[in-house]
Every structure is written in structure tokens, then in C-alpha cells.
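User: Please take a close look at one part of this model, the place where the two chains meet, and describe it together with the surface and the residues that help to place it.

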Amino acid sequence: MFILRAFLDGLSEGGIIALAAIAITLVFRISRFANVAFGDLLTIGAYLALSMMVGWGLPFWPAILLSAVMTGLIGVTSYLVVFKPLGLSTVTLFISSIGLALVFRAGIQLIWGNDILSFPAISFRSVELGPITIPGGDVVVIVTCAIVVAAFFLLLYQTRIGREIRATANDPDLARTTGINVGQVTIVVWLCAAMLVGIAGVLLGASTALQPEMGWNLLLPAFAAAILGGLGNTTGAAIGGLTIGIAMQFAVMFAPAGYKPGVAFAIMILMLLIRPAGLLPSKDRQ
Amino acid sequence: MTSYFISLFSISLIYVLFGLGLNLHWGYAGLLNFGHVAFFAIGAYTSALLSLNGAPIAVGLFAGACMAAFAAYLVGFLTTRLKEDYLAIVMLTLAEIVRLVAVNSSWTGGPSGLPNIPAPFVDALGRTSRGMFLLMLVIAVVIALLLLSRLTRSEFGLALRAIRDDEVCATAVGKNIRSFKTKALVIGAILAGVAGAFYGMYVSYIVPDQFVPLVTFYAWVGIILGGRSHLGAALGTLVFMALLESTRFLSDMGVPITDAQVANGRLLIVGLVLIVLLRVRPQGLFPYKPTLPKQVRAEVQRTMSERIAASNHPYHEKIDA
């Protein structure tokens with residue numbers, strides 16, 4: 001009973017981590033750097049949804065969609081304004097993304113303040129599953145994550161733009177010679193990634209509370225998940241996210257809750273020791 | 001006013017020591033360290049815990065440096081065989097782990113930290129001890145600069161830069177890359193550990209919130225502002241920290257601004273300076289100058305430009321000897 005409960009909690013937290021990890025991986029493959037600013041973009045997503053629900057009285061579902069679109073646009077803008085003009089140096093891009101993350105955080109604190117906020121009480125119907133009751137919030141998070149990830153993989157593997165994204169990720173030069181508009185593909189990738197991050201933010205806000213560091217705190221488990229999945233493999237990132245979410249929930253049963261993020265780090269460091277290439281290493285990366 | 005300047009420069013010089021360690025990692029060895037604050041925190045806590053339990057201050061300082069070195073050795077063992085992105089992420093995580101332990105353990109004082117850390121000279125000099133502390137920091141920074149420039153001009157330093165610029169080449173001439181990188185990590189961490197110990201003594205109380213990831217990025221801004229040479233990094237960090245720290249005193253001077261606004265403004269400044277500098281002047285204000293003799297440099301420049309002209313290399317603008 002207890003175990004099933006922890007498993008479901010882990011699944012919902014792991015789903016959110018997986019969304020962020022997929023976004024990080026996607027941008028890592030196309031733009032060749034780990035974008036730290038996604039952590040605080042996730043926070044922005046959550047706060048935007050809050051403003052829409054409280055300020056405009058929007059229900060939860062339109063708010064999550066609109067918030068995803070807005071974070072998507074912020075993501076694309078950040079790519080065009082900050083990252084694209086910098087060229088290809090991984091280090092420069094990485095450090096700039098840290099700078100951008102700090103600017104985002106300052107903006108969040110300026111607009112919404114430092115207090116812990118929460119969404120207006122949304123009641124989701126809880127689901128009876130045999131002897132246990134799954135709280136409605138968990139159901140919403142798990143189902144939304146599943147739908148979003150499924151939609152994303154459909155896009156990646158069943159559409160023309162998805163094929164172009166995968167081709168560009170494998171070899172941008174070769175993709176260009178086959179007539180793929182790499183610049184356009186890159187923008188689509190940033191849009192998708194930032195939208196995934198925004199959705200993750202709203203879900204995180206719905207399952208816990210909103211505070212300016214929520215995204216930063218989720219960023220490191222998401223990095224751990226991306227590394228676990230082989231830093232560059234989107235399927236691996238999804239599996240890595242779920243694994244870390246579930247492991248963190250089970251660890252809380254034995255260790256003080258404060259050490260929960262430590263579990264993600266421990267898994268990551270073990271992985272680096274035993275199998276540095278990750279669970280599903282991407283084939284083209286030496 | 002004097003005490004204000006003493007305080008401003010003491011804190012800034014502590015960050016200069018900290019930044020010099022990071023510059024050895026990044027500027028000379030090309031190691032992407034985004035969790036330098038971990039070594040700072042380890043130095044601060046080790047030294048504070050020892051001196052609070054009756055050990056002499058010097059012993060605490062030494063132990064702080066040793067613990068930071070040990071942590072760096074472990075990180076080196078874990079990451080030097082992997083690609084550079086991994087060190088970045090492992091260091092970022094290490095910094096968070098150190099902070100998690102500090103927040104959640106009882107022996108570190110938990111979230112309320114460690115108060116009443118003893119500082120040197122206080123017993124003998126009383127109120128004027130702050131001036132002596134500043135003098136000690138100046139001497140420490142000068143010694144660090146001298147030792148570092150000796151170190152990086154030695155064969156060790158040349159090997160480090162060779163590895164930074166071309167790992168395959170350095171391996172081909174028989175350099176043990178893992179060992180060189182680990183040594184660089186350890187030496188830089190010692191500087192951060194010493195800086196941390198000084199910091200604890202200076203502010204006299206430490207809490208986990210003082211060791212947030214932002215502290216690492218202060219040093220990054222300093223290096224990017226100043227350039228990757230020792231002197232450049234030191235000057236960059238000094239200027240940037242002095243400017244940043246002076247915001248602390250704004251409210252004392254009658255400017256109507258709350259502490260939260262100051263903290264928020266600092267975030268914004270660090271972020272914007274990073275983004276703008278990398279765009280406008282990525283090599284820094286005082287960039288690293290190669291130390292080859294003039295004739296050799298001229299010779300290299302001549303053959304390089306000849307070859308580039310001959311090969312029609314598309315990146316010829318970016319190459320300078």
C-alpha cells in the first residue's frame with residue numbers, strides 16, 4: 001500500500017522531471033549546450049499560469065496551454081536575442097545561460113515577490129484504485145505528462161519536422177546539404193523545449209507550491225536525469241526522469257526529507273562511475 | 001568611513017583569493033567549474049568548526065584548505081576521464097550537496113549556522129584588528145599571485161595550458177591528462193578553501209544561505225570581466241566585488257531601498273553583466289598574453305598567417321598566436 005503510494009508520488013514527480021530533462025536534452029543536441037535558464041523559465045511558466053488563474057479567472061486547462069505558449073515564445077526569444085548571436089562556443093553559451101537564469105530569477109522576484117504562493121484551490125476528482133485512493137492532483141500530473149510526452153514523441157518520430165529535427169541533431173552539416181532549413185528547425189526545437197518546460201512548471205506548481213527557486217531546485221534533478229539517459233537521448237531522458245522521481249520518493253521513506261534532492265545526485269554520481277555513457281547512450285557521440 | 005572601506009576591501013579581497021582559484025581551473029586548465037562555492041563552504045565550515053572547538057585559528061585554516069583539497073581530489077577522480085560538460089554538472093551538484101548537508105545536519109548548526117567564529121588579532125588589538133585583518137588579506141593575495149604565476153610559468157603550467165588548448169596533442173607528447181587536471185583542481189580548491197576560512201573569520205557567523213550557487217558566479221563574472229590571466233582575474237574580481245558590495249551600504253547612506261531589493265538587484269546585475277560581457281568582450285579587459293619570447297611569437301605569427309593565407313581557412317580571423 002505504502003509502496004504503491006510512494007510509487008505514484010514518484011511517478012508524478014518523475015514525470016515533471018522527465019519533461020524538463022527532455023527539453024534540456026533536445027536543446028543540448030541541437031544547440032550543443034546545457035541550458036541552465038530552463039530552470040527559471042520553468043518557474044516563469046508556473047507564475048504565468050498563476051497570474052492567469054488569479055488575475056483573469058482562467059480555469060486550469062486554458063491556463064496551462066496559454067502559459068506553455070508564452071514560455072515557448074520566451075524561449076525562442078531568448079535563443080534569438082541571447083544565444084544565437086554568440087556562435088558555437090559551448091562554454092560561452094553555457095555561461096550566458098547562467099546569466100539569463102539570474103536575470104529571469106530577478107524578474108520573477110520583482111514581479112511576484114519572494115513569498116510562497118499557490119494556485120487557487122483546484123479540485124480534481126481523486127481516483128479509487130482498488131484499496132487505495134490516488135489524489136486528483138497526482139492523477140492530473142501523471143496523465144498530463146503522459147499525454148505531453150506521447151504527443152512530443154509523435155511529433156519527433158511521425159512528422160516531417162520531427163525527422164528534420166532528428167537529422168539536424170545527428171549531423172547539422174549533412175542535414176543542411178539535404179535541404180533542411182537548419183535555422184528554422186533550431187527555432188522549432190527551442191519552441192518545443194521551452195513549451196515542455198512551461199508545462200512542467202505549471203504541473204510542479206499544481207502539485208506543490210510556487211516559490212522563486214522552484215525551477216532551480218528542479219533543474220539539478222533534471223540534469224541528473226538527462227545524464228542518466230545518456231545526455232543527448234530524449235527517450236533516455238524520459239526514462240531517467242521517471243527513475244529519479246521514483247527513487248527520490250522511495251528514499252524519503254528511509255531518509256530525512258531534506259536529503260531528497262541528494263538521491264538524484266547520488267544516482268547521477270553512481271552512473272558516472274559505473275556507466276558514464278548513460279542508460280541509452282546516443283550512438284553518434286564519442 | 002574608514003571602517004566602511006576596510007570592510008569593502010576585506011570582503012572583496014577574500015573573493016579575489018576565491019576567484020584566483022577558479023581562474024586556475026578555468027583560465028589555465030580549461031576546467032568548467034560551476035560549483036567553486038563548494039570548496040569555499042567546505043573551507044569555511046571546517047575552519048569554523050575546529051576553531052569553535054578550541055583549535056588555534058591557523059590550524060583551522062590549514063584544515064579547511066586540506067578538506068577542500070580532498071573534496072577536489074574526489075571530484076577529479078570522478079570527472080577527469082569524462083567530457084568537460086560532466087565536470088560542470090558534477091561541480092554544480094557538489095555545491096548543492098554541500099549546502100544540503102549544511103542545512104540538514106545538526107553538527108553544522110543547520111539552517112541557523114555557526115555563530116561567534118573566532119577571528120585573528122581580536123584578543124591583542126581589539127577594535128583595530130580589522131585593519132590587521134585587511135593587511136593579512138593583502139599579503140595573502142600577493143603571495144597567492146606570486147605562487148600562481150611561478151606555478152603557471154613552470155613546466156606544470158605549460159602542460160596545463162597545452163591540455164586546455166589541445167588534449168589530443170598533449171596526450172600524444174606523453175602528458176598524463178587526468179593527473180594534471182586533478183592537480184589543478186586541488187590547487188584551485190585550496191585557494192577557495194583558504195578564502196572560505198577567512199570569510200568565516202571575517203563575518204564571524206556562517207549560515208548555509210551564504211554559500212548559494214550565485215557566489216560561484218561572482219567569481220565567474222570577475223574572471224570574464226578581468227580576463228584569464230592571474231592579474232586580470234584578480235583585478236576583475238576586485239572591481240566587480242567592490243562595486244557589488246557597495247550596494248550593501250546603499251540603505252545606510254539614506255537611499256530608500258530594502259534588503260530584498262538589493263539582493264534582487266545583485267542577481268540582475270550579475271546576470272546582465274555576464275550576458276553583455278560575453279557578447280561584447282569575451283576575452284576580458286586584461287586578457288591573457290602569451291609568454292613566448294618576442295622573436296618566437298613573431299615567427300609563429302608569420303608562418304601561421306602564411307599557412308592560413310595558403311589554405312584559405314574560413315576561420316582565419318579567430319586565430320591569433
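Analyst: What follows describes the contact between the chains, then a surface patch, and then a single residue in the interior. The model is predicted, and the description should be read with that in mind.

Chain A and chain B bury about 3500 Å² between them, with 78% of that area on carbon and sulfur atoms. The contact draws 37 residues from chain A and 37 residues from chain B. Between the chains the count of salt bridges is zero, while two residue pairs are in polar contact, both at pLDDT 80 or more. On the side of chain A that touches chain B, the elements giving two or more residues are α3 (60–83), α4 (90–112), α9 (214–228) and α11 of chain A, and of these α4(A) gives the most, with 14 residues.

Turning to the surface, A:Leu270, A:Leu273 and A:Ile274 join B:Phe70, B:Tyr73, B:Leu74 and B:Phe77 in a nonpolar patch with about 740 Å² of accessible area together. The elements that give two or more residues to this patch are α11 (260–274) of chain A and α3 (57–79) of chain B, and α3(B) gives the most, with four residues. B:Tyr73, which lies in helix α3 of chain B, counts as partly exposed because its relative accessibility is 46%.

B:Asn23, by contrast, is buried, with a relative accessible area of 0%, and has its place in helix α1 (residues 2–28) of chain B. A polar atom of the B:Asn23 side chain lies 3.2 Å from the backbone oxygen of B:Arg228. Leaving aside residues up to four places away in sequence, B:Asn23 touches B:Tyr28, B:Ile223, B:Gly227, B:Arg228, B:Ser229, B:His230 and B:Ala233.

How values were computed: Residues are numbered from 1 along each chain as its sequence is written. Chains are lettered from A and ligands numbered from 1 in the order in which they are written. This is a predicted model: local features need pLDDT of at least 70, side-chain atom pairs count only at pLDDT 80 or more; totals for chains, interfaces and linings use all residues. Side-chain values use heavy atoms; hydrogens and water are left out. Patches are made of residues with over 30% relative accessible area and no salt bridge: like charges are joined within 9 Å, nonpolar side chains (Val, Leu, Ile, Met, Phe, Trp, Tyr) within 5 Å. Accessible areas come from the Shrake-Rupley method with a 1.4 Å probe; for residues, only the protein chains shown count as cover. A salt bridge is a side-chain nitrogen of Lys or Arg within 4 Å of a carboxyl oxygen of Asp or Glu. Buried means under 20% relative accessible area, exposed over 50%, partly exposed in between (1.4 Å probe, protein chains only). A polar contact is a pair of N or O atoms within 3.5 Å; within protein, one must be able to donate a hydrogen and the other to accept it, and residues adjacent in sequence count only if both atoms are side-chain atoms. Contact means heavy atoms within 4.5 Å. Buried area is the accessible area (1.4 Å probe) that two parts lose on being put together, summed over both.
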